[in-house]
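Subject: Structure handover

Hello,

Here is the structure I said I would pass on. My notes on it come after the model.

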Amino acid sequence: MKRRHLLLTGASAAALAACSDRPEPSATASGTATRVQWRMATSWPPDSPGLSASAARLAARIGAASGGRIQIDVSDANEVVPPFGVLDAVAEGTVQMGHSAAYYWQSRLPAAPFFCTIPFGMRADEISAWFQTGNGLAFWEELYAPLGVLPIPCGNTGVQTAAWSNREIASLEDLQGLKIRIPGLGAAVLSKLGAQPLAVPGTQLLQALRGGQIDAAEWLAPMNDLAFGLHRVARYCYYPGWQEPGAVLECLLHKPSFDALSADLQTIIRACCAEEYERCRVEFQRGNVEALKTLSDTFKTEFRRLPDSVSEALRRASTRVLDELAARDAFAARVLADYRAFQQALGPWRSMSETAYEQIR
């Protein structure tokens, strides 16, 4: 059993051991087991690897680790609420749990993207360190507290690809008027460079590309893109994923419901989220390797690296977008300052360790 991305107390260690999927009946002082039936709404299409699969696995893990005291019924996007309605459903108590991505709420909570991913931001291991050893998780909880929602990180996609496109991107001029599906702050960045970002739910992505409503789409990475069939409706796949270097998946909890649980059940939920964070991350790593080979060898997908001139323009525009966000939202300004300081502090060791090793491997 892996126990990464969690600073364990004795209680947390015991709960994480319970995540070994060997349920034992638990009882109250009177000897009668207390059981809770919850519902989880997700933002993901059915049978989406790494997304709906991770949500289902988390629910099953919590059920097993709690000895069946918490049973969670998982719903795909549009079964109970639309993909972008998950936060509201949890806040209102329509469901007790949600599984989504924080940047979907940026129009309502401008600082929300920091708790999912930002352009040219931290990767999966780095943002996990910010959550667990820095101020990231405390900021996130503070942001959602007025809604009565408690967030817990429960997965990470790792670095993604940049976009599937039916238009060639050989220079900055090729971004002019490009109709592209992209969420988060990446949309604001591309808008500054002349593109036309559109908020298209994942459930409608393939149809929008096929029908020409959009020219390009940012979704995830090879594992999910292959499953969606994006290679069948787009000519080029561009990389690297400047816009999403490590997208965090969030477990959203209706806080009154969570607070009503016993302390051990609360600890089990947190521990199972930590375990799923790691499981999800490595699933993307392995799945992307296999899917990349299939896309390259079987479907002859044309993968292209973004030109350096485009990447540099995206970097400059990203800095402007983040600075403008901080200028208009005081909370975002606090988070951005802390985020940048943490990312900068990681730089020297990153250069001496991962970067240096990659250069000699």
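Below is what was found, starting with the open and enclosed spaces and ending with individual residues. Please keep in mind that this is a predicted model.

Largest pocket

The largest pocket holds about 1,500 Å³ of space. Its lining is made up of 50 residues, and those nearest the centre are Arg123, Val159, Gln160, Pro240 and Pro245. Two or more lining residues come from each of helix H4 (124-133), strand E9 (236-239), helix H10 (263-297), strand E11 (302-305), helix H11 (308-328) and helix H12 (330-360). Of these, H12 gives the largest share, with 11 residues. Sorted by class, the lining has 23 nonpolar, 15 polar and 12 charged residues.

Pro240, one of the residues nearest the centre of that pocket, has a further feature. The peptide bond that joins Tyr239 to Pro240 is cis, with omega near 0°. Pro240 sits in the loop between E9 and strand E10 (248-254).

On the other side of that bond, Tyr239 belongs to strand E9. Tyr239 has a relative accessibility of 33% and so counts as partly exposed. Setting aside neighbours within four places in sequence, Tyr239 is in contact with Ala162, Phe303, Arg304, Arg305 and Leu306. Tyr239 and Thr161 are 78 residues apart along the chain, and their C-alpha atoms are separated by 4.7 Å.

Cavities

How many cavities of 30 Å³ or more does a search of the whole structure find? The search finds 4.

The largest cavity has about 110 Å³ of space. The residues lining the largest cavity are Ala162, Ala163, Ile169, Leu175, Leu178, Ile180, Leu190, Tyr238, Trp242, Leu306, Val310 and Leu314. By class that is 12 nonpolar residues, with no polar and no charged ones. Two of the names recur in these notes: Ala162 and Leu306 line the largest cavity, and both are among the contacts of Tyr239.

The second largest cavity has about 90 Å³ of space. It is lined by 15 residues, with Trp44, Tyr103, Tyr104, Leu220 and Glu244 nearest its centre. This lining has 11 nonpolar, 2 polar and 2 charged residues.

Helices

Leu190, part of the lining of the largest cavity, is also one of the buried residues of helix H6 (residues 184-192). The others listed as buried in H6 are Gly184, Leu185, Gly186, Ala187 and Val189. The cover over the buried residues of H6 includes strand E6 (179-181), strand E7 (196-198) and H11. Just after H6, Gly194 has a positive phi of about 100°.

H11 also packs against H12, at an angle of about 135° and with the axes 5 Å apart. The two helices, H11 and H12, are therefore oblique to each other. On the H11 side, the contact uses Thr319, Leu322, Asp323, Leu325, Ala326 and Arg328, which meet Ala330, Ala332, Ala333, Leu336 and Arg340 of H12. By class, the contact has 7 nonpolar, 1 polar and 3 charged residues.

A buried residue in H3

Val90 is found in helix H3. Is Val90 buried or exposed? Val90 is buried, because its relative accessibility is 0%. Not counting residues up to four places away in sequence, Val90 touches Val95, Gln96, Met97, Gly98, Val149, Leu252, Leu253 and His254. Thr161 comes up here too: Val90 and Thr161 are 71 residues apart in sequence, with 30 Å between their C-alpha atoms in space.

Positive phi outside glycine

Two residues belong under this heading. Asp47 is not a glycine, yet it has a positive phi of about 60°. Asp47 is in the loop between strand E1 (36-42) and helix H2 (52-65). With a relative accessibility of 73%, Asp47 counts as exposed.

Asn78, likewise a residue other than glycine, has a positive phi near 75°. Asn78 is in the loop between strand E2 (70-75) and helix H3 (86-91). Asn78 has a relative accessible area of 49% and is partly exposed, because the class of exposed residues begins over 50%.

Regards

Key. Residues numbered from 1 in each chain as written. Predicted model: local features only at pLDDT ≥ 70, side-chain atom pairs only at ≥ 80, totals over all residues. Heavy atoms only, no water. 1 Å grid on protein atoms, 1.4 Å probe; cavity = no way out; pocket = protein on both sides within 12 Å on 5 of 7 lines; lining within 4 Å. Points joined across faces, edges and corners; volume = space filled by probe spheres on them. Helix = DSSP H or I, 4+ residues; strand = E, 2+ residues; numbered from the N terminus. Nonpolar A, V, L, I, M, F, W, Y, C, P; charged D, E, K, R; others polar. Buried < 20%, exposed > 50% of the residue type's maximum accessible area, 1.4 Å probe, protein only. Axes fitted to C-alpha atoms, helices over the stretch in contact; angles between N-to-C directions. Parallel < 35°, antiparallel > 145°, perpendicular 65-115°, else oblique. Contact = heavy atoms within 4.5 Å.
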